[in-house]
Amino acid sequence: MLLLTQDWLFTVLGVVLIHWILPAKLRGAWIVAASAGFLAVYSPISLVIISALTTLYYFVAVKKDSISGKTLIGLILVTAGILSSFKFYDSLIVGATIDFTPESMDFIIPLGLSYYTFRCIHYAIEKYKGTIPAHSFGEFAQFMFFLPTFLVGPIHRFHDFQSDLNRKRWDPYMVAQGAERMLYGYVKITFIANLLVTGLLGIGIANISGSNESLYAYLSMVRAFLNLYFMFSGFSDVAIGFGMMLGFKVMENFNFPFLAANISDFWRRWHISLTSWCRDYVYMGVMSTARSAALAAAAAMLVMGLWHEFSLRFVLWGIYHGVGIVIWQNFQHVKPKLPQVKNKYGLMALRVLSTLLTLHYFMFGMLIANNTDLSTTWGEWHKMLFFWL
């Protein structure tokens, strides 16, 4: 894993030190050069793609005050087409797992492609809507070639990035906060996820195998969720901390999702940069044309599933969560007609119950994504849901 190597730590240290040593007018060029150099070493094909996209967007969108609907469609088709081609090829040749870390790409998905293509589409849509403020090509190039968010995101937005560019200055407190945030992320990845969850908890669960298959299946599912959360949120902490050390406040990607009271709330707390992107550009788009919250939710979750992998299991994963959101949406119409609990202990109990149901709904959905065939998924569900049989 690249983020856990000495090469990566020396890269972070070198990029940050040189960035603040250089005169202010050269720092932007350094960010672009350092990011391009990093890609040249670790993913030359990604360097070619991001350079081509940056050039394309410069001539078609950045240089212009606004773009037409046809131009917008063309940019989306080209950008999404590049990502889709690699995703489709990856699903055919490799059959990758959840695509949130570089090792899951198996050298098929170019480094950072899933993230910077969605940044491009965000930029194109906002340019069409006329919300992109005036900026230079250099600012756009820094937005595209921003090393901290290459490996694991988040999918940051141009408006926030430009605001940070305009007010960025040397702030030792912010740099220290960034270093602390990176350390916090590494503790999550190495100590909690790898040592405690994968190691010690994994050994304990393995001892149950054969004696209680239902409990073994359930604890394995919980372990998979804990590992995913601490690894993914830890990676995000590293990216956010790196960005802070360069003077940028990269958007948060997690907000204690295991405390969500419903599935809709969960998706506002989990992988926030992706879910907010799908909400703004898929959900709201479908909602404004079809006027159907159910269809909009299904479309957003389907796009989210395909973003991870072009496969039947992730289509089903998207449908599964879309159905969950639709059920929750319709429950809101029924809820006022039900008997209302006013006792504070009763309200607390309901909150705990709804939180547990939400968390388990997500964990059961993980089994769809983690297994290559439905029979295996159903077998795991059957062990847990019908453990008395």
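**Exercise 1.** Determine whether Phe256 counts as buried, partly exposed or exposed, and then describe its backbone and its place in the chain.

*Solution.* Phe256 has a relative accessibility of 48% and therefore counts as partly exposed, where buried means under 20% relative accessible area, exposed means over 50% and partly exposed lies in between, with a 1.4 Å probe and protein chains only. Before going further, note that this is a predicted model, in which local features need a pLDDT of at least 70 and side-chain atom pairs count only at pLDDT 80 or more, while totals for chains, interfaces and linings use all residues. Residues are numbered from 1 along each chain as its sequence is written, and side-chain values use heavy atoms, with hydrogens and water left out. The next step is the backbone: the phi of Phe256 is near 45°, a positive value in a residue other than glycine. As a background rule, most residues other than glycine have a negative phi, and most peptide bonds are trans. Finally, Phe256 belongs to the loop between α9 and α10, helices being DSSP runs of H or I with at least four residues and strands runs of E with at least two, numbered from the N terminus.

**Exercise 2.** Which features does His271 have in its phi, its place and its accessibility?

*Solution.* The phi of His271 is also positive, near 45°, in a residue other than glycine. The residue sits in the loop between α10 and α11 (272–290). At 2% relative accessibility, His271 counts as buried.

**Exercise 3.** State what kind of peptide bond joins Gly153 to Pro154, and locate Pro154.

*Solution.* The omega of this bond is near -5°, and the peptide bond from Gly153 to Pro154 is cis. Pro154 is part of the loop between α6 and α7 (158–167).

**Exercise 4.** Describe helix α5 (residues 113–129) and the way its axis meets that of helix α6 (residues 137–144).

*Solution.* Begin with the length: α5 has 17 residues and reaches 24 Å from its first C-alpha to its last, close to the 24 Å expected at 1.5 Å a residue, the expected span being 1.5 Å times one less than the number of residues. Next comes burial, where 15 of the 17 residues of α5 are buried, so the helix is largely enclosed by the rest of the structure. Just after α5, Gly130 takes a positive phi of about 80°.

For the pairing, recall that two packed helices are described by the angle between their axes and the distance between the axes. The axes of α5 and α6 come within 10 Å and cross at roughly 145°, each axis being a line fitted to C-alpha atoms, for helices over the stretch in contact, with angles from 0 to 180 degrees between N-to-C directions. On the α5 side the contact is made by Tyr116, Arg119, Cys120, His122 and Tyr123, and on the α6 side by Phe140, Phe143 and Met144, where contact means heavy atoms within 4.5 Å. These residues divide into six nonpolar, one polar and one charged; Ala, Val, Leu, Ile, Met, Phe, Trp, Tyr, Cys and Pro count as nonpolar, Asp, Glu, Lys and Arg as charged, and the others, Gly among them, as polar.

**Exercise 5.** Which residues do His122, Leu53 and Thr54 touch, not counting residues up to four places away in sequence?

*Solution.* His122, in helix α5, counts as buried at 1% relative accessibility, and its partners are Phe143, Arg157, Phe158, His159, Trp277 and Tyr281. Leu53 lies in helix α3 and is likewise buried, at 1% relative accessibility. This leucine touches Thr79, Ile82, Tyr116, Thr117, Cys120 and Met144; its C-alpha is 9.4 Å from that of Leu75, 22 residues apart in sequence. Thr54 belongs to helix α3 (residues 44–62) and is buried at 4% relative accessibility, with Phe137, Phe140, Met144 and Phe145 as its partners.

**Exercise 6.** Compare the span of helix α14 (residues 344–370) with expectation, and list its buried residues and what covers them.

*Solution.* At 1.5 Å a residue, the 27 residues of α14 should span 39 Å, and its end C-alpha atoms are 39 Å apart, which agrees. Its buried residues are Thr355, Thr358, Leu359, Phe362, Met363, Phe364, Gly365, Met366, Leu367, Ile368 and Ala369. The elements covering them include α9 (213–245), α10 (263–269), α13 (312–334) and α15 (374–385).
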